[in-house]
Amino acid sequence: ANARLLEYNLGSYGIDNTRPVLSMVMALQQKYLKQKLTLLSANLRTEEDRKEQEKEIFDHLKEVDANPTFDIKAEFPRDAEWFNSSPLSFSNQLKGKVVVLDFFTYCCINCMHILPDLAQLEKEFPTEAGLLVVGVHSAKFDNEKLSENIKNAINRYKIGHPVVNDVDIIMWDHLGIECWPTLVVLNPIGRVVSVIIGEGHCEELRTVVATTLHHYQDVLNHDKMVCHPYSEALKILSYPGKVCHQKETLYVSDSGHHRLLVVEPVSGAVLKVIGCGEAGLRDGGFDVARFSSPQGIVYHKDCLYVADTGNHALRMVDLNQCTVTTVSGCGKQGSDKDGGRHGTQQELSSPWDVALGSSSSSGHIDLLYIAMAGSHQIWTYCLEDVVLTKGKSYPAGTSAVFSGSGEEANRNNSYSHKASFAQPSGLALDKKQRRMFVADSESSTIRIVSCVDGSVKPLVGGALDPQDLFAFGDKDGKARDVRLQHPLAVVCDEEAQLLYVADSYNHKIKLIDVASKRCSSLAGIGKACLKDGSCSEAGFSEPGGLCLAGDQLYVADTNNHCIRQVDLNSKVVTELSLHYKPQLDQGSVVKRITGSRAVVKPPEMVTISDNGSLVVEMILSDGIKLNNEAPSSYQILSAGNILVAKGRITGLVTASPQLNSIQGVEQLEVEVVICVCDEAGICRLHQAVYQLTVNHHSQSATTPVETVKLKVEL
């Protein structure tokens, strides 16, 4: 109040430069609000009775209504770029809405962790109920300020609500935000109701929102707001995270499609698909198993061990039995920093990479190392009974911490429990030296962990201050002079003592000589693009995974939705062109999935290219939604009900495998079965049959197409 009076007096004397006074006013207001809202949050977390919590919030809302100090006059930057919607304003579209502002940066694992909480909140309280969630992207890394990269992150994380790019952190400063993630709840006239810092407070958020909606029920804006999420390019891969090579075979985590691919690296043929392609946690055969944004993969004894990041689980894929089994984690994010439980009784937190290890100098493989990005630690999973650091014994099937306190920091220490990591995302073992290299993404460093005692040393990058996680850039050099930007993967050439690093946010592959600690750029021009050619000319886009196979380096080029191949002799980068190998049951006679009530579409003639595929595109009327709980599907049949391809329909756009088995002219029928529901919850089954005459381009003078689109209008 004194500051506002001073501002008025200065103005009355003709002194119009009141910016310092306004800054003081804002600082005083932020300090007051921080004290009040911190107290509210603390009271809600200590009070277990729901009615008492609601009473606390109602009393607080009365104060918010009466006290203008809670009016922060929030508004989005005028020229900011928006995603999933047109520009929004508190004085226009958001007037009368309870608004949750999610201040996030897309690299942050803690920000990823609260996205399911927000999705559940939006499902329970849609925009018609008076609530709207708005993401306010406030970048940490330079690479995250670019709108195209933010759009990729929104697609990758399946964010459906509006997001604004606060590139100059104007709103961040105006509201006094201090860390990611921070949620700010505003009432229908834009006054601050609550500030929730960090992850793991979904119940507090829900209680605040539900009580606020009830308190303002007479003045809420119940208009429905339609968001328009971006649709990604239709490719075989969607945001591939990691890649593994073993026995002349590539194993790729097709993270955006929630599955794994088994690939022949010379031809690019996809030999097997592991997982049905729908997000979830389900064990079973390859065609029914479900993953959620899987990342790291390692091969051991005809099995794959997979860091199933979104499920907070470790999965085992038996390549002989064609089954998927959960061996650790239960699908729920854990907060345990010690571990020691067996199998699925042990909760995990966003495992991002895995590597084989040995508990002894014999080199016998008896454990897995896990980059536990969510808890900022390195864990182990015991394949056999083992004895680890300090003589601790663990039976087979146990998961436990190996190194790291759980604090997010760049702290190197001779004691494993005192060392700290910052979102470790890539692991590489040097078995002879009994050490492990860690791509520690949020500190932008490569660290060395002793496999003997878990002690941690620096290799390249980072600041001297363990709390400084902003020492990033793109600078070659030696040891701590090196600057990386959010590296996500590292692979070790043990014989040459060289490391290859996916310097993800610099869009480069870096090379490190371990002995000299010298780091140099190997491939990539330093900006996001898809370009083959010499290493000095090639372009990547946030590469996230690496594996070494002789003189070939394979790269999971995440935002380019492809696998790249770096020839280390010729220093040339090429894309590995993937295509589906005919399915194992392709060519067999199958039962039709449509019945007599199916709508039969008129015949159509199309000419396809070598890599031609079919796309089922749904156009739904207002109020009609796809029922993802029902088994919507398609199958492509040739004459005599011979199967060509089949699959599930899980979204508005679904792509089939490439129809590369068609070489001449062929008559095909495409059966489509889709379950949709209206706003009243009434569901119905739609069946359609599309008749196609398909020409391979070699048999026709017509210009071929890559994609045959079948539109389903409901």
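Okay, let's start with Leu548, which counts as partly exposed because its relative accessibility is 22%, and buried would mean under 20%. Keep in mind that this is a predicted model. Leu548 lies in strand β33, residues 543-549. Which residues does Leu548 touch, if we don't count residues up to four places away in sequence? They are Val491, Cys492, Asp493, Tyr500, Leu553 and Leu568. There's also a partner from far off in the chain: Leu548 and His245 are 303 residues apart in sequence, yet their C-alpha atoms are 7.1 Å apart in space.

Just before that strand we have Glu542, in the loop between β32 (533-534) and β33. Is Glu542 buried or exposed? Its relative accessibility is 4%, so Glu542 counts as buried. Its phi is positive, near 50°, and this is a residue other than glycine. For background, most residues other than glycine have a negative phi, and most peptide bonds are trans.

Let me zoom out for a second. The protein has 714 residues, and 55% of them are buried. Its secondary structure comes to eight helices and 46 strands. If you take the contacts between residues at least 6 apart in sequence, 59% join residues at least 24 apart.

So, on to the sheets. Strands of a sheet pair through backbone hydrogen bonds, either parallel or antiparallel. One open sheet has five strands in the order β11-β15-β14-β13-β12, with antiparallel pairing. At its edges are β11 (284-285) and β12 (294-300); each has a single partner strand, so one side of each has no neighbour in the sheet. Further in, β13 (residues 303-308) and β14 (residues 313-318) pair antiparallel over six bridges. Within that pair, Tyr305 stands opposite Met316 in β14.

The loop between β12 and β13 holds Lys301. Here's another non-glycine residue with a positive phi, about 50° for Lys301. Lys301 has 60% relative accessibility and therefore counts as exposed, whereas Glu542 counts as buried.

Now look at a second open sheet of five strands, in the order β27-β31-β30-β29-β28, again with antiparallel pairing. Which strands stand at its edges? Those are β27 (477-478) and β28 (489-493), each with a single partner, so each has one side without a neighbour in the sheet. Inside this sheet, β30 (residues 508-513) pairs antiparallel with β31 (residues 518-523) over five bridges, and Asp513 stands opposite Arg518 in β31.

One more strand to click on: β18, residues 367-372. Six of its six residues are buried, so β18 is largely enclosed by the rest of the structure. Leu367, Tyr369 and Ala371 point one way, while Leu368, Ile370 and Met372 point the other way. β18 pairs antiparallel with β17 (residues 351-357) over six bridges, where Ala355 has Tyr369 as its bridge partner. Six bridges also join β18 to β19 (residues 377-382), again antiparallel, and there Ile370 stands opposite Trp379. The hairpin of β18 and β19 has four residues between the strands, and His376 in it takes a positive phi near 60°.

Right, helices. Helix α6, residues 147-156, is mostly covered, with eight of its 10 residues buried. Among those buried are Ile150, Ala153 and Ile154, along with Arg156. What covers them? The cover over the buried residues of α6 includes β1 (81-83), β3 (131-137) and β4 (163-165). Just after α6, Lys158 takes a positive phi of about 55°.

Next, a helix pair. Two packed helices are described by the angle between their axes and the distance between the axes. For α3 (residues 50-66) and α8 (residues 202-215), the axes come within 10 Å and cross at roughly 55°. The two helices are therefore oblique to each other, and their crossing is right-handed. On the α3 side the contact includes Ile57, Phe58 and Leu61, and on the α8 side it includes Arg206, Val208 and His215. By class, that contact has four nonpolar, six polar and five charged residues.

Last stop: a cis peptide bond joins Trp180 and Pro181, with omega about -15°. You'll find Pro181 in the loop between α7 (170-174) and β5 (182-186).

Conventions:
Residues numbered from 1 in each chain as written. Predicted model: local features only at pLDDT ≥ 70, side-chain atom pairs only at ≥ 80, totals over all residues. Heavy atoms only, no water. Axes fitted to C-alpha atoms, helices over the stretch in contact; angles between N-to-C directions. Parallel < 35°, antiparallel > 145°, perpendicular 65-115°, else oblique. Left-handed = near helix turned anticlockwise from the far one by under 90°. Contact = heavy atoms within 4.5 Å. Nonpolar A, V, L, I, M, F, W, Y, C, P; charged D, E, K, R; others polar. Pairing = 2+ DSSP bridges. Buried < 20%, exposed > 50% of the residue type's maximum accessible area, 1.4 Å probe, protein only.
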